[in-house]
Amino acid sequence: MDLVVFSGAGVSAESGISTFRDSDGLWEHYDVMDVATPEAWNKDRELVLNFYDERRAQVINADPNKAHYTIKALEEYFNVSVITQNIDDLHERAGSTNVLHLHGEIMKARSSVDSELLYEVDNGIIQLGDKCEKGSQLRPHVVWFGEAVPEMEQAYHIVAKADLFIVVGTSLNVYPAAGSVQFVRQHVPIFVIDPKDVPLPEGAIHIKEKASIGLPILAEELVDQYRSDQ
Ligand code: NAD
């Protein structure tokens, strides 16, 4: 059975990584236009690099939480695919084997002239003067506002095959990623785990809990159901 988990910043909140829109979220401290757009990059590369260096340091110092581990544990019973809007690597560090990052990966750098050229970020920072093999400045491997989301097509295919669909920790506000939900087939159960009210896909069941509480509760139900179906 194909189980697809669609995750957002909320799944990593309990690991201490700031979300964007909660009251202590990142946008309180930064103007997104100054740090997460191609225009920002053209205007002040150092500011953009520093912003992402800070994000990367936060990720390096964080650990996966119970929600990430629960998603990994579901692999024992289901064919699990994780589609995440997160740029952190906490799903991978919890052991999930099948993770698609829609908005890139903070632990990687990429060429600013050839998006195929990816590099691990050594010692946690990208500096002005760090260049790809074609001689261009390295940038964070993240999708900025106003940029295309190259993995979207692949995400739609994965979502369209889901037999169970779990949405966790996303305000479903950032498009086109949030549009993935529309590709879930009719009658496929959709569960949304979020402590706040979020726009619910039609027919979805809202588990109004933090990810570390809601995911284990849901996982237990799904595994019980799986066992009784065997
Ligand atoms: P968002 O900030 O818009 O929404 C976060 C959602 O998580 C909210 O609905 C909030 O109620 C919920 N939430 C907060 N704490 C939670 C918890 N403990 N358990 C479950 N849910 C919780 O985030 P988004 O929808 O992912 O979109 C914002 C964009 O920000 C994404 O594109 C993402 O790439 C980026 N982002 C990523 C990270 C990361 O990599 N960890 C962090 C911040 C932002």
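E46 is partly exposed, with a relative accessible area of 47%, and this residue sits in helix α3, which covers residues 45–60. In this predicted model, E46 belongs to a patch of negative charge on the surface, where it gathers with D31, D34 and D44. The value of 47% falls short of the exposed class because that class begins only over 50%, and this is the reason E46 is described as partly exposed.

**Charged pairs**

Side chains of opposite charge can pair when their charged atoms come close. How many salt bridges does the structure hold? There are nine salt bridges in the structure, and the table below sets out three of them, giving the closest approach of nitrogen and oxygen for each pair.

| Nitrogen side | Oxygen side | N to O distance |
|---|---|---|
| K72 | E75 | 3.4 Å |
| R93 | D89 | 3.0 Å |
| K134 | D114 | 2.8 Å |

The salt bridge between K134 and D114, with its closest N and O atoms 2.8 Å apart, links distant parts of the chain, since K134 lies in the loop between β5 (118–120) and β6 (138–142), while D114 lies in the loop between β4 (104–111) and β5, 20 residues apart. The two partners have unlike surroundings: K134 is exposed, with a relative accessible area of 57%, whereas D114, at 18%, counts as buried. The label given to D114 may surprise a reader who sees a value of 18%, but it follows because buried covers everything under 20% relative accessible area.

R93 takes part in a wider arrangement, for D63, D89 and R93 are linked in a network of salt bridges. R93 itself is partly exposed, with a relative accessible area of 34%. K72, the partner of E75 in the remaining pair of the table, is likewise described as partly exposed, at 30% relative accessibility.

**Residues hidden from the surface**

Several residues have a relative accessible area of 0%, and L3 is one of these buried residues. L3 belongs to strand β1, made of residues 2–7. Which residues does L3 contact, leaving aside its neighbours within four places in sequence? They are L74, F78, N79, V80, S81, L164, I166 and L222. One of these contacts can also be described by its spacing along the chain, as L3 and F78 are 75 residues apart in sequence while their C-alpha atoms are separated by 6.1 Å.

A155 is also buried, with a relative accessible area of 0%, and its place is in helix α6, residues 152–160. When residues up to four places away in sequence are not counted, A155 touches I83, L100 and L102. Its C-alpha atom lies 9.3 Å from that of H101, a residue 54 places away in sequence.

Two serines show that a residue in a loop can be buried as well. S12, in the loop between β1 and α1 (32–35), counts as buried at 0% relative accessibility. Beyond its neighbours within four places in sequence, S12 is in contact with I17, N65, H68, N86, D88 and L90. S180 lies in the loop between β7 and β8 and also counts as buried at 0% relative accessibility. With the same neighbours in sequence left aside, the contacts of S180 are F6, M152, Y156 and V159.

**Backbone features in one loop**

The loop between β7 (164–168) and β8 (190–193), which holds P176, contains some backbone angles that deserve a careful look. Most residues other than glycine have a negative phi, and most peptide bonds are trans. Is the peptide bond from Y175 to P176 cis or trans? That bond is cis, with omega near 10°.

L172 is found in this loop between β7 and β8, and its phi is near 50°, a positive value in a residue other than glycine. H187 lies in the loop between β7 and β8 too, and its phi is also positive, near 75°. Are these residues buried or exposed? L172 counts as buried, at 8% relative accessibility, whereas H187, at 77%, counts as exposed.

Terms used: Residues are numbered from 1 along each chain as its sequence is written. This is a predicted model: local features need pLDDT of at least 70, side-chain atom pairs count only at pLDDT 80 or more; totals for chains, interfaces and linings use all residues. Side-chain values use heavy atoms; hydrogens and water are left out. A salt bridge is a side-chain nitrogen of Lys or Arg within 4 Å of a carboxyl oxygen of Asp or Glu. Buried means under 20% relative accessible area, exposed over 50%, partly exposed in between (1.4 Å probe, protein chains only). Helices (H or I, at least four residues) and strands (E, at least two) are DSSP runs, numbered from the N terminus. Contact means heavy atoms within 4.5 Å. Patches are made of residues with over 30% relative accessible area and no salt bridge: like charges are joined within 9 Å, nonpolar side chains (Val, Leu, Ile, Met, Phe, Trp, Tyr) within 5 Å. Accessible areas come from the Shrake-Rupley method with a 1.4 Å probe; for residues, only the protein chains shown count as cover. Lys and Arg count as positive and Asp and Glu as negative; His and the chain ends are not counted. The place of a charge is taken as NZ of Lys, CZ of Arg, CG of Asp or CD of Glu.
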